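Got your viewer open? Let's take a short walk through the model, one selection at a time.

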Amino acid sequence: MTQTMENQSSSAKELAMLGQIKSILLKDDRAEIDAIKKTLYRKEELAKEVSPIVEERVQYIKDNFRKEFGKPVDRIVEIKLEESKEQLLNVIYPVLGQMIRKFVNYQFQLLKDRIDSQVSSVFSSRGILGQIKSKIFGISSSDMVLSDLDKPIIEEVYVIQRDSGLLLGSFSRKVTVDKDMIAGMLTAIKSFVEDAFQREKQELELIEYGNYKILIQNFFSYYVSVAVSGSLSTKERDMISEKLLEFAENKMPDNLQLIDTELQNQISEGLEAFFNKDIFED
Amino acid sequence: MVSTKVMLTGSFGVGKTSLFKQFLFSEFSERYLTTIGVKVDKKVIEVDDDQLNILLWDVAGEVSLDKVPHSYFLKSSGIIYVFDLTRPLTYKNMISDIEYIENKVPGVKVKIVGNKKDLLTEEQLEEVKSKLPIPADIFTSAKTGENVELLFMSLARKILGKEE
Ligand SMILES: Nc1nc2c(ncn2[C@@H]2O[C@H](COP(=O)(O)OP(=O)(O)OP(=O)(O)O)[C@@H](O)[C@H]2O)c(=O)[nH]1
Ligand SMILES: [Mg+2]
């Protein structure tokens, strides 16, 4: 009996102590929770906290809207609603492309930073990266050194409608054989390869032909093909790709339904402005 | 000037390449060199006051159209379906072939062409006509050039919306 009473009183004591400890330990938290509760329940208090943040964001968007979203929005609005989905996609494609590129570049930068921080400073990060790159892309380091000497030249650029193979515009450094026919045959090859290796949505991206490399960049209802002479590093390939996206965003008309001389001249002038210079100089 | 894609299709050996060459270069050869893949060439023609830049795709013939890479058909404004008047096998699948084409390229202007007319007498031609699953639009000879120009001109008019 005494035993039990003693037990009871000791557990009561423990409980009391526990309560004390709790209140000491959680004192700060409790004060904080109370403060948050107060703020949440009292609208005007909440507004005081949140408004500046919201206002700041709104102001930022207001100030930077044109810069951030101006171009695509302008062009999207320009397109009348009843017009085809195709036109809309022609506008969105390069923008999407840019976003993906930026994302990939960012990821690469992160990777590079990570490698840099892990590798001891005895090795230059450039050398290491170079070696990694050449392992991944199958180019030997010496090739990469050599490629600095033999600079690539963009010889010809063709903008070609998908499937029909009709030439939408072109740029070239020298007079070439009939461009309409080249555009048609290129498209036939591309269609054939893509049909023959019917893998999920895979598209032909590079044809090597003698001293030429023909790069192909796909957009929604057209594709651009670039003939390059000289050797081409991954970095330079990337620069071309970037330029093409920029070109598509800024110079390509959205409506490609009717292909006439006027449209072809317009696109060719755009190409001239973009590619009649050395795009590889930093 | 407007550019447009026109495709030649039909069974092998019916004379697609021969029509292509007759139209483009006014030449003909008895030798049969089967087409591998596809050949693209072009010709600018005048229709009334308009010019039309025709990109002509001469595609290798197959026994059935679904063997032809399907993207060759896409975005064609005109398709010339050729059969050989002397070989019933080349027009026996006409109905399903035309259906296939119209499915692949909705709204495309199609010309159904009976070729090698020079090998038939008037009576023989009438007999073949009565056996065709769908009436042909025109009968040509790539050898003599008969109706070849007319075929392409009338297709061009159709593409430009100048004729039904
Ligand atoms: N007599 C005569 N022979 C013709 C005519 N058109 C074509 N030929 C002959 O028929 C054969 C086949 O002609 P092609 O033009 O190569 O046939 P194709 O349809 O292009 O054949 P593929 O490329 O294999 O699909 C050749 O020997 C031609 O000379 C024609 O109008 N009259
Ligand atoms: Mg042929």
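We start at the ligand and move out to a pair of helices.

Some ground rules: this is a predicted model, where local features need pLDDT of at least 70, side-chain atom pairs count only at pLDDT 80 or more, and totals for chains, interfaces and linings use all residues. Residues are numbered from 1 along each chain as its sequence is written, chains are lettered from A and ligands numbered from 1 in the order in which they are written, and side-chain values use heavy atoms, with hydrogens and water left out.

**Stop one: ligand 1.** Select ligand 1 and the 23 residues around it (a heavy atom within 4 Å). B:Ser18, B:Ser29, B:Tyr32, B:Thr34 and B:Gly61 are the closest. By class, the shell has seven nonpolar, 10 polar and six charged residues (Ala, Val, Leu, Ile, Met, Phe, Trp, Tyr, Cys and Pro are nonpolar; Asp, Glu, Lys and Arg charged; the others, Gly among them, polar).

Now show polar contacts (N or O pairs within 3.5 Å). The side chain of B:Ser18 puts an N or O atom 2.6 Å from a ligand 1 oxygen, and a backbone N or O atom of B:Glu30 sits 2.8 Å from one.

**Stop two: helix H1 of chain B.** Colour residues 16–25, which give three residues to the ligand 1 shell, its largest share (helices are DSSP runs of H or I, at least four residues).

**Stop three: H4(B).** Add residues 148–159: H1(B) and H4(B) pack at about 85°, axes 9 Å apart (lines fitted to C-alpha atoms over the stretch in contact, with angles from 0 to 180 degrees between N-to-C directions). So H1(B) is roughly perpendicular to H4(B) (65 to 115 degrees). Finally, show B:Leu19, B:Gln22 and B:Phe23 meeting B:Val148, B:Glu149 and B:Phe152 (heavy atoms within 4.5 Å).

How values were computed. A polar contact is a pair of N or O atoms within 3.5 Å; within protein, one must be able to donate a hydrogen and the other to accept it, and residues adjacent in sequence count only if both atoms are side-chain atoms. Helices (H or I, at least four residues) and strands (E, at least two) are DSSP runs, numbered from the N terminus. Angles under 35 degrees count as roughly parallel, over 145 as roughly antiparallel, 65 to 115 as roughly perpendicular and the rest as oblique.
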